[in-house]
Amino acid sequence: MKIFIDTANIEEIKQAQQLGLIDGVTTNPTLIAKEKRPAYEILEQICKIVSGPVSAEVISQTSLEMVKEARELAKIANNIVIKIPLIKEGLKAVQLLSKENIKTNVTLCFSPSQALLAAKAGATYVSPFIGRLDDISQEGMQIIKDIKKIYSNYQFKTEIIVASVRNPMHVVEAALIGADIATVPFSVIEQLIKHPLTDIGIQRFLEDYKKIPSQ
Ligand code: E4P
């Protein structure tokens, strides 16, 4: 499973990159706003650090405006992927952009029916938001299973990005289901690495090492 980092923070991206873990980046207007700098400047910088796909979201609400905005965003770098919301106008825009070979990530997907339509429209990626479904007492991971089944039934090429990831178990479950990608906040990447028994084990080995006679 590919791992993307879900952030617009340059320091976090650099740190995750150093771990050799990052296959791509996803951003959204909320994540960009946290950085308090112009969006284009941030996206340009991210694309210089990461060679994999970098998702940048449109804010337009009509298909023609979305396409116009997407074309501008796509000029930033070759690895920019355009995030389009899963609404009627968004599906129209995805179709138009796929004809121009501009890659799309259909975002704010909350159901298998929406994911089916994203794939039919020609989306490169679809992002089901599992954490936000969990938040309203609906099991988010179930839609990943359903979308995976639907896509494999009809050999859709659209890749599933498990999004709105809140904890390490979301990542493990995504991998068990066979999702293509999980986009993970930096804090969860750190949680994935850590295990208390690893820390206790290191401590014990270091203490025991001191007991080994030098000659
Ligand atoms: C995905 O592409 C989104 O940027 C993100 O995963 C949303 O996560 P949230 O529900 O924690 O805001």
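Colleague: Which residue stands opposite V25, and in which strand?

Modeller: V25 faces V54, which belongs to β3. Do keep in mind that this is a predicted model.

Colleague: How do you know that β2 and β3 count as paired?

Modeller: Two strands pair if there are at least two bridges between them. Strand β2 (residues 24–26) and strand β3 (residues 54–57) are joined by two bridges, so they meet that cut-off. The two strands run parallel.

Colleague: What do the eight strands close into, and in what order?

Modeller: They close into a barrel, in the order β1-β2-β3-β4-β5-β6-β7-β8, with parallel pairing. On average, neighbouring strands of this sheet are turned by 30° against each other, direction ignored.

Colleague: And the helices? Why is α4 called roughly antiparallel to β4?

Modeller: Angles over 145 degrees count as roughly antiparallel. Helix α4 (residues 63–74) runs at about 160° to β4 (80–85), so the term applies. This helix lies across β3 and β4.

Colleague: What angle does α5 make with β4, and which strands does α5 touch?

Modeller: Helix α5 (residues 88–99) makes about 155° with the direction of β4. That is over 145 degrees, so this pair is roughly antiparallel as well. On the sheet, α5 touches β4 and β5 (104–109).

Colleague: What makes α5 and α6 roughly parallel?

Modeller: Their angle is about 30°, and their axes are 8 Å apart. Angles under 35 degrees count as roughly parallel, so α5 and α6 (residues 112–121) earn that description.

Colleague: Which residues meet there?

Modeller: From α5 come L91, V94, Q95 and S98, and from α6 come L117, A118 and A121. By class, this contact has five nonpolar, two polar and no charged residues.

Colleague: Why is α1 said to be roughly parallel to α3?

Modeller: Helix α1 (residues 10–18) packs against helix α3 (residues 39–49) at about 10°, with axes 11 Å apart. The angle is under 35 degrees, so α1 is roughly parallel to α3. Their contact involves I10, I13, K14 and Q17 of α1 with I42, Q45, I46 and I49 of α3. Those residues divide into five nonpolar, two polar and one charged.

Colleague: Lastly, what makes the approach of N28 to the ligand a polar contact?

Modeller: A polar contact needs a pair of N or O atoms within 3.5 Å. A polar side-chain atom of N28 lies 2.7 Å from an oxygen atom of the ligand, so the pair qualifies. For R132, a side-chain N or O atom is 2.6 Å from a ligand oxygen, and for R166 the distance is 2.9 Å. Other residues around the ligand include D6, K83 and F129.

Terms used:
Residues numbered from 1 in each chain as written. Predicted model: local features only at pLDDT ≥ 70, side-chain atom pairs only at ≥ 80, totals over all residues. Heavy atoms only, no water. Helix = DSSP H or I, 4+ residues; strand = E, 2+ residues; numbered from the N terminus. Axes fitted to C-alpha atoms, helices over the stretch in contact; angles between N-to-C directions. Contact = heavy atoms within 4.5 Å. Parallel < 35°, antiparallel > 145°, perpendicular 65-115°, else oblique. Nonpolar A, V, L, I, M, F, W, Y, C, P; charged D, E, K, R; others polar. Near = heavy atom within 4 Å. Polar contact = N/O pair within 3.5 Å; in protein donor to acceptor, adjacent residues only side chain to side chain.
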